[in-house]
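Subject: Handing over the structure

Hello,

Here is the structure I promised to pass on to you. Please open it first, and then read my notes alongside it.

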Amino acid sequence: MSDKRKRYLLDEEEIPRFWYNIQADMPNKPQPPLNPRTKAPLSPEDLYPIFSKECSNQELNQTDAWIEIPEEVREKYKYYRSTPLVRAYGLEKALGTPAHIYFKNESVSPMGSHKLNSAIPQAFYCKQEGVTNITTETGAGQWGASLSYAASMYGLEAAVYQVKVSYEQKPYRRSMMQTFGATVTASPSMSTRAGKDIITRNPNYQGSLGTAISEAVELATTTPNCKYCLGSVLNHVALHQTVIGLEAEKQMEMAGEYPDVVIACFGGGSNFGGISFPFMRHKIAGEPGKEHTRFVAAEPSSCPKLTRGVFRYDYGDEAGYTPLLPMFTLGHNFSPANIHAGGLRYHGAGVIVSQLLKDGLMEAVDIPQLESFDAGMLFARAEGIIPAPESAHAIAATIREALKAKETGEEKVILFNLSGHGLVDMSAYDKYLSGDLQNYSISDEELAGNIAETDPLQP
């Protein structure tokens with residue numbers, strides 16, 4: 001097969017016109033999020049003070065399987081979509097596997113990751129509503145950079161709270177946000193009540209996504225004409241990301257194959273849901289030839305909510321400002337290790353993914369930090385793309401599957417999402433190459449103690 005046939009692209013008219021809402025097709029709907037004050041099930045109106053109205057409505061929509069992409073958003077998507085589907089011949093050869101490996105290359109977006117797929121519609125809906133300011137949190141900075149860029153598209157002021165350890169580890173992502181006009185603050189900070197309280201308890205705390213969410217939500221609710229935007233976890237974010245899987249479906253048809261396994265890294269669930277939910281609808285429907293596909297979420301061993309967490313209601317942030325979400329969690333005050341995959345350092349899983357995991361429609365694996373960098377290095381040398389540390393977890397899970405196929409001689413088809421490039425993460429690769437990285441783990445006793453401390457309400 002020639003190099004030209006290794007990359008499958010859609011023409012402009014084939015870019016999806018609708019997002020796919022898996023909630024409508026799930027055999028067991030997710031349990032409702034709860035109002036943190038009344039403990040009653042949320043209504044969209046409860047979310048209006050925090051999010052745009054359209055995102056609030058999408059969040060709780062369990063009836064409409066297809067939600068139209070606004071034409072203005074679709075026009076913005078055309079700047080960089082479709083993204084390529086690539087047959088990874090180099091990786092296959094390096095592994096000596098009979099498996100056929102494909103990856104959806106989201107690293108080609110202007111911000112170098114999949115995050116722009118949700119940043120654009122969230123900024124668009126805020127602008128439509130007359131909002132002037134938006135705020136958010138970010139870990140590694142892929143989401144913060146994407147929302148900063150989207151805000152600049154629509155003339156919005158953006159304020160980003162970046163987890164302190166990532167703020168220090170990844171200065172160039174901070175610079176990217178500032179290039180697009182955003183104000184970037186290391187979290188926890190002294191600029192919010194939540195941040196002050198956390199610093200008072202632990203002056204040397206390096207932060208978490210839960211902490212940064214608390215600060216951003218507080219800013220949104222105390223600043224006139226300001227809304228909060230989120231880069232993962234919630235249903236409307238995964239909804240927007242389904243452009244990835246919907247394109248991949250058409251591109252796999254062009255390649256003449258259908259995946260036996262779909263893999264993505266996992267922090268809160270947006271990129272996993274984005275690539276997997278469109279394929280999963282066929283499994284849910286029991287369609288012949290498509291009902292066998294496995295869906296694998298690859299999370300870091302240091303933050304193992306899917307593989308070692310418990311399912312219960314918990315807050316989405318550290319201060320307890322957000323709704324109570326029914327999810328697999330390590331406890332909302334869980335302090336993750338300072339791994340370099342900053343986008344995966346989140347204590348809980350989105351409610352859709354949590355329900356799908358409970359129902360056995362997907363599975364999860366945890367990947368040690370050094371294994372993820374080993375995989376990232378092998379992929380870079382085989383395919384010429386340096387992956388983000390987050391994406392390297394998906395590559396590591398893919399390698400595990402490909403080596404299993406090598407043992408059994410099975411010619412399985414593996415599809416994974418390359419959710420971002422690592423060109424702004426080279427300090428992490430420097431540490432890996434110099435032998436300064438290590439694996440992190442947490443004991444069962446520590447996990448149990450943390451969950452018991454932060455158990456506001458069990459389902």
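Let me start with a single loop residue. Lys39 is partly exposed, with a relative accessible area of 35%; on this scale buried means under 20%, exposed over 50% and partly exposed in between, using a 1.4 Å probe and protein chains only. Lys39 belongs to the loop between β2 (18-20) and α1 (44-47), and its phi is near 65°, a positive value in a residue other than glycine. The element names come from DSSP runs, numbered from the N terminus: helices are H or I runs of at least four residues, and strands are E runs of at least two.

A word on the ground rules. This is a predicted model, in which local features need pLDDT of at least 70 and side-chain atom pairs count only at pLDDT 80 or more, while totals for chains, interfaces and linings use all residues. Residues are numbered from 1 along each chain as its sequence is written, and side-chain values use heavy atoms, with hydrogens and water left out.

**Backbone points**

Most residues other than glycine have a negative phi, and most peptide bonds are trans. Besides Lys39, Asn225 has a positive phi of about 55° although it is not a glycine. You will find Asn225 in the loop between α10 (209-222) and β9 (226-228), where its relative accessibility of 39% makes it partly exposed.

There are also cis peptide bonds to look at. One runs from Arg81 to Ser82, with omega near 5°, and Ser82 sits in the loop between α3 (71-77) and β4 (85-87). Another runs from Ser187 to Pro188, with omega near 10°; Pro188 is in the loop between β8 and α9 (193-201).

**The sheet**

Seven strands form an open sheet in the order β1-β4-β5-β15-β10-β11-β14, with mixed pairing; two strands pair if DSSP finds at least two bridges between them. At the edges stand β1 (7-8) and β14, each with a single partner strand, so one side of each is left without a neighbour in the sheet.

Within this sheet, try β10 (residues 261-265), where five of the five residues are buried. Val261, Ile263 and Cys265 point one way, while Val262 and Ala264 point the other way. Five bridges join β10 to β11 (residues 294-300), and the two run parallel. In β11, Phe295 is the bridge partner of Val262, and Ala298 is the partner of Cys265.

**Two helices**

Which residues of α8 (residues 171-179) are buried? They are Arg173, Arg174 and Met177. These cover an arc of only 105° around the axis, which puts them on the same side of α8; the arc is taken from the directions from the helix axis to the C-beta atoms. Tyr172 and Thr179 are exposed on the other side. The cover over the buried residues includes β6 (133-138), α6 (142-153) and β7 (157-163), with contact meaning heavy atoms within 4.5 Å. Just after α8 comes Gly181, with a positive phi of about 95°.

Helix α16 (residues 369-383) has 15 residues, which at 1.5 Å a residue should span 21 Å, and its end C-alpha atoms are indeed 21 Å apart; the expected span is 1.5 Å times one less than the number of residues. Its buried residues include Phe373, Met377 and Phe379. Among the elements covering them are α4 (89-95), β5 (100-105) and α17 (389-408). Gly384 follows α16, with a positive phi near 80°.

**Rings and a buried Phe**

The whole structure holds 14 aromatic pairs, where rings of Phe, Tyr and Trp (its six-membered ring) pair if their centres lie within 6.5 Å. Phe103, Phe379 and Phe416 form one aromatic cluster.

Charges also sit over rings, meaning that NZ of Lys or CZ of Arg is within 6 Å of the ring centre and within 35 degrees of the ring normal. Arg174 lies over the face of Tyr167, at 4.0 Å from the ring centre, and Lys358 lies over that of Phe311, at 4.3 Å.

Finally, Phe334 is in the loop between β13 (324-329) and α15 (351-358), and at 4% relative accessibility it counts as buried. Leaving aside residues up to four places away in sequence, Phe334 touches several residues, including Tyr205, His347 and Leu447.

Enjoy exploring!

Technical notes
Phe/Tyr/Trp six-rings, centres within 6.5 Å; stacked < 30°, edge-to-face > 60°.
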